[in-house]
Structures are given as structure tokens and as C-alpha cells.
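Colleague: I have a structure open and would like to go through it with you. Could we begin with pairs of charged side chains?

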Amino acid sequence: MVTTALITALVILGALTIFQALLVFDRPLGEYVWGGKHKVLPEDLEFWSVVSIAAYVLFAILLWRRAHVLDNSYHPFIVISVWVFFALVVISIMLTAFSPSRKERVVMTPVCAVLAVATFIVAIS
């Protein structure tokens with residue numbers, strides 16, 4: 001179950017990374033993120049997309065470590081970090097669910113919900 005949850009989370013994080021990279025390279029997908037006010041993101045939101053990419057990579061590594069794929073040792077920092085990530089994903093569910101952008105609500109809310117469930121399963125492992 002943990003392996004399935006880990007793979008699910010990694011696939012979602014990978015897809016979100018690619019999606020954010022497309023936004024950074026001015027693809028007209030901005031209606032799905034950041035409140036959906038811009039088809040092409042302005043530079044300040046592109047910056048936050050780059051930050052998101054870095055965060056997704058970090059979270060993927062932390063999940064991988066928590067699932068004991070890289071090693072089998074216990075690290076309190078990893079455990080706490082994964083729970084913090086889980087909390088951030090839960091907050092993102094709420095933010096996307098109440099987004100003014102219908103596209104963001106319809107697409108990103110379920111994506112965040114699935115990521116939250118997968119993260120929770122890895123976190124309790």
C-alpha cells in the first residue's frame with residue numbers, strides 16, 4: 001500500500017512539476033493555478049512557479065525517504081517534514097476548492113486531494 005501511495009504521489013508531483021515548468025515557459029495554462037486570473041503568468045507568478053518546482057522536487061525526495069526506498073533508517077526530520085508537506089497539501093485543497101477559477105477548482109482540487117491521501121499513507125508508514 002505504501003509503495004502504491006508513493007508511486008501515486010511521485011507521479012502527481014512529476015506532473016505538477018512539468019505543468020509548472022510549462023507555465024514558466026509562457027504556456028497559456030494560467031487559468032488552472034494561482035487563482036486563474038492569467039492565461040499566461042506574469043513574471044511574479046512565474047517566480048512562484050519556479051519555487052513550486054523546487055518544492056515538488058524536495059517533497060518527492062522526502063516522500064521517497066519516508067517510504068524507506070533510499071534507506072531504512074528513521075530520521076525525525078524526514079517524518080516531520082512529510083507531515084508538514086501533508087498539511088500544506090491539505091491547505092492547497094482548501095485554496096483550490098475556493099478558487100475564483102472554475103478550471104482550477106475542477107482540476108486542481110481533486111489532484112490535491114489524491115496527493116493528500118497518498119502523502120498521508122506514506123506519512124503514517
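Modeller: Certainly. This is a predicted model, and a search of the whole structure finds 1 salt bridge.

Colleague: Which residues form the salt bridge, and how far apart are the closest N and O atoms?

Modeller: The partners are Glu 31 and Lys 103, and their closest N and O atoms are 3.0 Å apart. Side chains of opposite charge can pair when their charged atoms come close.

Colleague: Where in the chain do Glu 31 and Lys 103 sit?

Modeller: They belong to distant parts of the chain, 72 residues apart. Glu 31 lies in the loop between α1 (2-24) and α2 (43-66), whereas Lys 103 lies in helix α4 (residues 102-123).

Colleague: Is Lys 103 buried or exposed?

Modeller: Neither label applies: Lys 103 is partly exposed, since its relative accessible area is 37%, which falls between the limits of 20% for buried and 50% for exposed.

Colleague: Now to the aromatic rings. How many aromatic pairs does the structure hold?

Modeller: There are 6 aromatic pairs. One of them is formed by Trp 83 and Phe 120, with 5.7 Å from centre to centre and 80° between the planes.

Colleague: What is that arrangement of Trp 83 and Phe 120 called?

Modeller: The pair is edge-to-face. An angle over 60 degrees between the planes is what gives a pair that name.

Colleague: Which helices does the pair of Trp 83 and Phe 120 link?

Modeller: Trp 83 is in helix α3 (residues 76-97) and Phe 120 is in helix α4, so this pair too links distant parts of the chain, with the two positions 37 residues apart.

Colleague: What about the accessibility of Trp 83 and of Phe 120?

Modeller: Trp 83 is partly exposed, at a relative accessible area of 32%. Phe 120 also counts as partly exposed, at 36%. Together with Phe 86, these two residues form one aromatic cluster.

Colleague: I also noticed Thr 96. Is Thr 96 buried or exposed?

Modeller: Thr 96, which is found in helix α3, counts as buried because its relative accessibility is 7%, under the limit of 20%.

Colleague: Which side chain does the side chain of Thr 96 make a polar contact with?

Modeller: The partner is the side chain of Thr 109, at 3.0 Å. Leaving aside neighbours within four places in sequence, Thr 96 is in contact with Glu 104, Arg 105, Met 108, Thr 109 and Cys 112.

Colleague: Let us change to α1. How many residues has α1, and how far does α1 reach?

Modeller: Helix α1 has 23 residues and reaches 32 Å from its first C-alpha to its last, close to the expected 33 Å.

Colleague: Which residues of α1 are buried, and what do they pack against?

Modeller: The buried residues include Ala 5, Leu 6, Ile 12, Phe 19 and Gln 20. The buried residues of α1 pack against α2, α3 and α4. After α1 comes Asp 26, whose phi is positive, near 65°.

Colleague: Finally, the whole chain. What does its secondary structure come to?

Modeller: The protein chain has 4 helices and 0 strands, and its elements run α-α-α-α from the N terminus. Its radius of gyration is 15 Å, close to the 14 Å given by the globule rule for 125 residues, so the chain is as compact as a globular protein of that length.

Colleague: How much of the protein chain counts as buried?

Modeller: Of the 125 residues, 37% count as buried. The C-alpha trace spans about 45 × 25 × 20 Å along its principal axes.

Terms used:
Residues are numbered from 1 along each chain as its sequence is written. This is a predicted model: local features need pLDDT of at least 70, side-chain atom pairs count only at pLDDT 80 or more; totals for chains, interfaces and linings use all residues. Side-chain values use heavy atoms; hydrogens and water are left out. A salt bridge is a side-chain nitrogen of Lys or Arg within 4 Å of a carboxyl oxygen of Asp or Glu. Buried means under 20% relative accessible area, exposed over 50%, partly exposed in between (1.4 Å probe, protein chains only). Rings of Phe, Tyr and Trp (its six-membered ring) pair if their centres lie within 6.5 Å; planes under 30 degrees apart count as stacked, over 60 as edge-to-face and the rest as tilted. A polar contact is a pair of N or O atoms within 3.5 Å; within protein, one must be able to donate a hydrogen and the other to accept it, and residues adjacent in sequence count only if both atoms are side-chain atoms. Contact means heavy atoms within 4.5 Å. The expected span of a helix is 1.5 Å times one less than its number of residues. The radius of gyration is taken over C-alpha atoms; the globule rule is 2.2 Å times the number of residues to the power 0.38.
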